[in-house]
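Biologist: I'm just getting started with protein models, and I'd love a close look at one part of this one. Could you pick a spot, walk me slowly through it, and then show me how it fits into the rest?

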Amino acid sequence: MAGSAEPGVVEQVTRLVAAGARHVPLAPEALAGPDTVALPALAPGTVTVVSVDGSGGVRPGAARRIVAGLARAVSALPERADLVLTGGETARRVLDAAGVTTLWPVGQIHHGAVHSRTPDGRSVVTRPGSFGGPDSFLHIAAALRPRLLSSSLPPAPATAPSQQGVTQ
């Protein structure tokens, strides 16, 4: 769930999609409205990235309503999926909407990308929108779902701490 407006997030999503992830861009106008945007069913054995389609711009002042719409969309999914949440407000809203009140830290995938577990066993990775290089989402997806993406993963940044404790 890429809810950050940071410019680097677009490149991160592009690289993840190039590696085989399914991309679901959502119109900001629909997300900012009162109705819940229906997401397509998650397919087993795939990585899906949901983002705000910013190609037409986003109206100033609509960010909070858009993030609330993202949270409603994710919480309406019948699947209890693992989550990667980019952007602090996105993470807070999605976790609240999904009823997640407890996270147990597992480890750090790379600087700023914290892997946690929920009481029901799901993985949740939270990361500020401004963190991570262009391959950030690739590294996160590889840590959570090794062998799912088709492209070879570049080496993790030299400054990344060990992924000890990160389950795969």
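Modeller: Gladly! Helices (DSSP runs of H or I, at least four residues) and strands (runs of E, at least two) are numbered from the N terminus. With that in hand, let's start at V84, which sits in strand β3.

A word on the ground rules. This is a predicted model, in which local features need pLDDT of at least 70 and side-chain atom pairs count only at pLDDT 80 or more, while totals for chains, interfaces and linings use all residues. Residues are numbered from 1 along each chain as its sequence is written, and side-chain values use heavy atoms, with hydrogens and water left out.

Is V84 buried or exposed? Neither: V84 counts as partly exposed, because its relative accessibility is 21%. Here buried means under 20% relative accessible area, exposed over 50%, and partly exposed in between (1.4 Å probe, protein chains only).

Which residues does V84 meet? Setting aside neighbours within four places in sequence, V84 is in contact (heavy atoms within 4.5 Å) with M1, V125, I140 and L144. Find V125 in your view and you are in β6, which spans 123-127. Find I140 or L144 and you have arrived in α5, since both are among its buried residues. F137 is another buried residue of α5. The C-alpha atoms of V84 and F137 are 8.7 Å apart, although 53 residues separate the two along the chain.

So let's follow that trail into α5, where 8 of the 9 residues are buried, which means the helix is largely enclosed by the rest of the structure. The buried ones are S136, F137, L138, H139, I140, A141, A143 and L144. What covers them? The cover includes helix α1 (7-18) and four strands, namely our β3 together with β4 (104-110), β5 (113-117) and β6.

Just past that enclosed helix the picture changes. R147 lies in the segment after α5, and R147 counts as exposed because its relative accessible area is 79%. Its backbone is worth a glance too. Most residues other than glycine have a negative phi. R147, however, has a positive phi, near 75°.

Now let's return to β3 and to M1, that contact of V84 at the very start of the numbering. M1 leads us to the largest nonpolar core (buried Ala, Val, Leu, Ile, Met, Phe, Trp, Tyr and Cys residues joined through side-chain atoms within 4.5 Å). This core has 21 residues, and M1, L26, L39, V50, L85 and V94 make the most contacts inside it. The elements that give it two or more residues are β1 (22-26), α3 (63-75), β3 (83-86) and α4 (88-97). Helix α3 supplies the largest share, 5 residues. Apart from this core lies another, of 18 residues, among them V9, L16, A21 and A141. You have met A141 already, as one of the buried residues of α5.

For a feel of the largest core, try L26 at the end of β1. Beyond its neighbours within four places, L26 is in contact with L31, V37, L39, V50, S51, V52, D53 and L70.

Helix α3 also holds A71, and at 4% relative accessibility A71 is buried. Not counting residues up to four places away in sequence, A71 touches R93, V94 and A97. The C-alpha atoms of A71 and A97 are separated by 5.9 Å, with their positions 26 residues apart along the chain. For contrast, look at R59 in the loop between β2 and α3, which counts as exposed because its relative accessibility is 59%. The C-alpha atoms of R59 and E29, 30 residues apart along the chain, are 8.7 Å from each other.

Finally, let's zoom out. The protein has 5 helices and 6 strands, and from the N terminus on they run α-β-α-β-α-β-α-β-β-β-α. Of its 168 residues, 38% count as buried. How far along the chain do contacts reach? Among contacts between residues at least 6 apart in sequence, 62% join residues at least 24 apart. The contact of V84 with L144 that we started from is one you can look up in your own view.
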